[in-house]
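Colleague: Please take a close look at the aromatic ring pairs in this chain. I would like one connected account, with the setting of the rings included.

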Amino acid sequence: MSRLVRHYYAGGNTAKGFYSLYDSVLDGLNRLFILKGGPGTGKSSLMKDIGKRFEEKEVEVEYLHCASDNNSIDGVILPRWGLGIVDGTAPHIIEPKAPGVIEEYVNLGAAWDSDELAGHKEEILELNSCISRKFQEAYATFAEALKAHDEIEEIYISNMDFAEADRLTEELIALFYNETSLDKEANVVHRFLGAATPAGAVDHIQNLTEDIDKRYFIKGRAGSGKSTMLKKIAAAGEEKGFDVEIYHCGFDPNSLDMVIIRELGIAIFDSTAPHEYFPDRNSDEIVDMYERCITTGTDEKFEEDIARTTKGYKDKMKEAISYLSEAKVLRERLEAIYIDSMDFDKVNEIKEKIFNELNDIVESN
């Protein structure tokens, strides 16, 4: 049953601020429930329960994880039927395409006691303000970390054989697609495989690739051309009509970390820290960008500069994560206020209504 369940992120806390890929992830759904309501109103629990019930029915389920709370999810999708439920509160605001036809708003605020909440008005406003400040501090610090990361990249870029990187990329494109094209329009979806979270960097590479026959682990340094190669492989797949899953970097969304072409049973991903893995199947293969494309001895020649900039990068990443952790503590205090004012019997009634509609669609097909 595990192969019927996939985990990834549709939004992330990045060096560019909160970055959303929801438009791509939710594109093409036939029915989407958009949950509204404050923190602690039961949105994540509702979606988890519905997802679990469809898992038990052996229906394929995708979970959209929350980058700001390791124990929460932001959405559930039943991809085969084009059905979904998503948290539509800030920062992931969902713009409906056909309200009432495809999308339907679900107001969990109908289950709270407004009079009870009114007694906590000042505390709620103060907590929201503090949480917002912590996120802004995190984003600013991630941006500083990116600058340090760029300094590391510059060292390797200046010692890069770009012609060799192009040759390697063309070799892989030829190997993957073998001059084959499909007579259809490619379906391309953009996601995050991982995220910077209050608990540090988290990724779902192993889950996303568990049913992939051939996995390529890209090794290399910052600036050794890994993301550029992935972009070219994805573009070639799209041009040839293959469905492509494009996974962006949860730290720098302009970079790519993984491309999956499921129709070919191929996944190729950046397998360096913070998502460092090593082959554990006979079919796994390493693609070493450093060995192939970087001037021999670069690590040794620039050892001191690399160590200095790497420390600066890691220190800033650690600081930014601490702000996310502080925001989570504050958010838990806010959630507690809402939890005490909620009638969860009403939330369960709403949950059953959503489940029954989705289940009727699944059962009828």
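Modeller: The account starts with the whole chain, turns to the rings, and ends with some backbone details. The model is predicted.

The protein chain has 11 helices and 16 strands. Its radius of gyration is 22 Å, close to the 21 Å from the globule rule for 365 residues, so the chain is as compact as a globular protein of that length. The C-alpha trace spans about 70 × 50 × 35 Å along its principal axes. Of the 365 residues, 52% count as buried. Contacts reach far along the sequence. Among those between residues at least 6 apart, 79% join residues at least 24 apart. The chain exposes about 17300 Å², and carbon and sulfur atoms supply 48% of that area. As for charge, there are 42 positive and 70 negative charges, and their mean positions are 1 Å apart.

Now the rings. A pair of aromatic rings is described by the distance of the centres and the angle of the planes. The count comes to 11 aromatic pairs. One of them joins Tyr19 and Phe192. Their centres are 6.3 Å apart, with 80° between the planes. That angle is over 60 degrees, so the pair counts as edge-to-face. The pair links distant parts of the chain. Tyr19 sits in strand β3 (residues 17-20), Phe192 in strand β9 (residues 188-192), and 173 residues separate them in sequence. How do the two partners stand for exposure: buried or partly exposed? Tyr19 has 27% relative accessibility, so it counts as partly exposed. Phe192 has a relative accessible area of 0%, so Phe192 is buried.

Phe251 and Tyr313 form another edge-to-face pair, at 5.8 Å centre to centre and 65° between the planes. This pair also links distant parts of the chain, 62 residues apart. Phe251 lies in the loop between β13 (244-248) and β14 (256-261), while Tyr313 belongs to helix α10 (residues 303-341). Both Phe251 and Tyr313 are buried.

Which residue touches both of these rings? Ala145 does: leaving aside its neighbours within four places in sequence, Ala145 is in contact with Phe251, Tyr313, Lys316 and Met317. Ala145 is placed in helix α4 (residues 121-157). Its relative accessibility is 0%, under the 20% cut-off, so Ala145 counts as buried. For a sense of distance, take Gly220. The C-alpha atoms of Ala145 and Gly220 are separated by 19 Å, with their places 75 residues apart along the chain.

Rings also group. Phe176, Tyr177, Tyr216 and Phe242 are linked into a cluster by ring pairs. Helix α5 (162-177) is followed by a loop that leads to β9, and Asn178 is found in that loop. Asn178 has a positive phi of about 50° although it is not a glycine. Its relative accessible area is 56%, so Asn178 is exposed.

Some other backbone details complete the account. Most residues other than glycine have a negative phi, and most peptide bonds are trans. Glu58 has a positive phi, near 60°. Glu58 is in the loop between α2 (43-56) and β5 (61-65), and its 55% relative accessibility makes it exposed. The peptide bond from Ala90 to Pro91 is cis, with omega near 10°. Pro91 is in the loop between β7 (83-87) and β8 (103-107). The bond from Ala273 to Pro274 is cis too, with omega near 10°. Pro274 is in the loop between β15 (266-270) and β16 (285-288).

Conventions:
Residues numbered from 1 in each chain as written. Predicted model: local features only at pLDDT ≥ 70, side-chain atom pairs only at ≥ 80, totals over all residues. Heavy atoms only, no water. Helix = DSSP H or I, 4+ residues; strand = E, 2+ residues; numbered from the N terminus. Rg over C-alpha atoms; globule rule 2.2 N^0.38 Å. Buried < 20%, exposed > 50% of the residue type's maximum accessible area, 1.4 Å probe, protein only. Contact = heavy atoms within 4.5 Å. Areas by Shrake-Rupley, 256 points an atom, 1.4 Å probe, with all protein chains shown as cover. Lys, Arg positive; Asp, Glu negative; His and termini not counted. Charge placed at Lys NZ, Arg CZ, Asp CG, Glu CD. Phe/Tyr/Trp six-rings, centres within 6.5 Å; stacked < 30°, edge-to-face > 60°.
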